[in-house]
Amino acid sequence: MIGEAELLAKVPTQLYIGGEWVDSTSGRSIEVVDPATGDVLLSIADASVDDGRRALDAAVEAKAEWAATAPRKRGELLRSAFDLLQERADEIALLMTLEMGKPLAEARGEVTYGGEFLRWFSEEAVRISGRYGPNPEGTGRMIVTHTPVGPSYLITPWNFPLAMATRKLAPAIAAGCTSVIKPAELTPLTTLYFARLLEEVGLPAGVVNVVTTSTSGEVSEPIIRDPRLRKLSFTGSTAVGQKLLTQAAQGVLRTSMELGGNAPFLVFEDADLDKAVDGAMLAKFRNIGQACTAANRFLVHQSVADEFAARITERVKQLRIGRGTEEGVGVGPLIDERAVDKADALVRDAVERGATLVTGGSRVDGAGTFYEPTVVTDVAPGSDILREEIFGPVVSIVPFSDEADAVTKANGTEYGLVAYAFTRDLARAQRLVESLESGMLGINVGVVSNAAAPFGGVKQSGIGREGGSEGIHEYLETKYVLTPDPFG
Ligand code: NAD
């Protein structure tokens with residue numbers, strides 16, 4: 001296994017524009033910090049508004065040639081990137097653990113998940129098909145074809161530094177679009193490392209450009225409002241997504257919005273409780289609770305609520321807190337001090353409104369931004385923790401009385417990304433497919449993400465889908481052509 005210092009020495013620290021690694025013109029730098037220790041890992045370029053514009057210039061310049069590149073060639077480049085990623089899996093996993101804090105085993109899982117988007121879209125690149133046929137009147141022939149949407153601006157969050165980048169870059173590359181990607185300022189190293197990998201496999205200059213900046217709003221707005229941009233793909237909070245949609249309205253951009261979640265996790269009286277607890281641990285503690293798909297509200301039938309709470313508490317108490325690089329750690333640090341304050345405030349509010357604190361409930365003293373794995377039960381309606389994304393290792397349990405009550409509670413949020421339900425009753429499961437308002441649903445499973453599936457939400461959780469056969473269409477325009485009847 002590579003040492004930390006040796007790995008960090010391999011990470012580019014400049015901007016990647018038009019196939020060149022270049023300094024920022026701002027004269028500033030971003031210090032990327034290890035959330036487990038508070039130590040600075042690396043100082044990297046902090047892009048100015050001008051740098052952002054230059055990155056878009058490069059994407060625009062490369063646009064025509066990339067759109068005309070054979071789909072097979074685009075697919076093969078993605079496949080080479082997938083292969084090289086496998087070779088570098090240990091390095092990229094360690095890098096994610098260092099900058100984001102997740103336990104190393106989970107970071108390896110993200111390399112697998114993130115890599116799958118490269119493999120999936122390497123296969124989809126050659127399946128961009130259209131259709132041809134007679135019009136209903138028989139007087140003409142209708143052709144439907146798909147073309148790359150054009151230069152795309154991709155904004156990613158800090159919580160899945162690799163997967164959020166590949167989930168956008170792979171379909172853009174496969175579809176024949178050039179792009180500018182802006183990773184989150186808290187975890188930009190993985191994207192820089194990955195851009196170097198794309199360069200190594202021979203991705204032409206300008207197809208992917210990377211800007212890292214501490215002034216995301218200032219740098220992004222001129223790019224989004226530039227008439228040459230045709231597509232905005234954003235993953236992050238609903239509040240920022242709403243702001244960006246307003247900016248994107250000016251150019252009537254194609255948009256993909258992967259926003260916040262408030263996932264309900266339903267446990268019915270007929271559920272297999274062992275499986276429900278296993279699923280709950282995955283749905284809650286993956287990524288230290290910092291996932292848009294994290295179970296945010298455990299809605300449990302009143303007849304099994306105490307039993308479920310007791311079993312999950314037993315498991316939660318066994319979780320080891322520590323730096324993600326240490327063996328056996330299940331809970332790493334939260335991303336920063338603000339995240340700890342938020343989790344803490346939500347737990348306090350719930351307890352003040354009558355919830356029972358069963359375990360945890362405190363920040364951890366010392367270096368790093370750690371919060372104890374926590375369980376609160378009997379959370380009262382109206383508590384902030386039921387309305388807001390916790391984004392931390394906190395299990396919040398609410399009893400329900402029957403299926404109708406469960407569905408009303410589950411849908412009582414403006415979000416609709418994912419839901420989980422544990423039941424052995426097939427008809428009930430089928431009813432839930434239709435009654436739960438979410439873009440994704442896991443039945444008797446605690447993780448649903450898969451590169452081959454359309455990931456995305458309804459309501460204020462977003463617009464569009466990433467992954468699956470749907471994912472590439474986010475980067476394609478549909479063109480309809482009519483010709484006369486060739487025999488007429
Ligand atoms: P965030 O909205 O603060 O930031 C996301 C990205 O937007 C970052 O790159 C950030 O630098 C950038 N940004 C912030 N303000 C901006 C502005 N004014 N203009 C342009 N860019 C701006 O979110 P976060 O804290 O990084 O991520 C956590 C959020 O992301 C949670 O709400 C989570 O649910 C959501 N998320 C959603 C999905 C999904 O697929 N639906 C996946 C992961 C995370």
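In this predicted model, 29 residues surround the ligand, and the closest are Thr156, Arg167, Glu185, Ser237 and Glu389. Let's look at what kind of surroundings these residues make.

What is the mix of residue types in the shell around the ligand? The shell divides into 14 nonpolar, 10 polar and 5 charged residues.

Some side chains come up to oxygen atoms of the ligand with their own polar atoms. For Lys182 and Glu389, the side-chain atom in the pair is an N or O atom, and for Trp158 it is a polar side-chain atom. Here are the distances:

| Side chain | Ligand atom | Distance |
|---|---|---|
| Trp158 | oxygen | 2.8 Å |
| Lys182 | oxygen | 3.0 Å |
| Glu389 | oxygen | 2.6 Å |

On its own, the ligand has 840 Å² of accessible area, and the protein covers 89% of that. The space that the ligand takes is the largest pocket.

Which elements give two or more residues to the shell around the ligand? They are the helices α6 (163–175), α8 (216–225) and α9 (238–250), together with the strand β10 (231–235). Of the elements, α8 gives the most to this shell, with 3 residues.

Now try stepping back to the scale of domains. Where does the ligand lie with respect to domain 1 and domain 2? Domain 1 is made of residues 4–259 + 461–479, while domain 2 spans 263–452. Both domains give residues to the shell around the ligand, so the ligand lies between them.

Technical notes: Residues are numbered from 1 along each chain as its sequence is written. This is a predicted model: local features need pLDDT of at least 70, side-chain atom pairs count only at pLDDT 80 or more; totals for chains, interfaces and linings use all residues. Side-chain values use heavy atoms; hydrogens and water are left out. A residue is near a molecule or strand if one of its heavy atoms lies within 4 Å of it. A polar contact is a pair of N or O atoms within 3.5 Å; within protein, one must be able to donate a hydrogen and the other to accept it, and residues adjacent in sequence count only if both atoms are side-chain atoms. Accessible areas come from the Shrake-Rupley method with a 1.4 Å probe; for residues, only the protein chains shown count as cover. On a 1 Å grid over the protein atoms alone, a cavity is a set of points where a 1.4 Å probe fits but cannot get out, and a pocket is an open set with protein on both sides within 12 Å along at least five of seven lines; lining residues have an atom within 4 Å of a point. A molecule sits in a cavity or pocket if more than half of its atoms lie within 2 Å of its grid points. Helices (H or I, at least four residues) and strands (E, at least two) are DSSP runs, numbered from the N terminus. Ala, Val, Leu, Ile, Met, Phe, Trp, Tyr, Cys and Pro count as nonpolar, Asp, Glu, Lys and Arg as charged, and the others, Gly among them, as polar. Domain bounds come from an automatic or database domain assignment.
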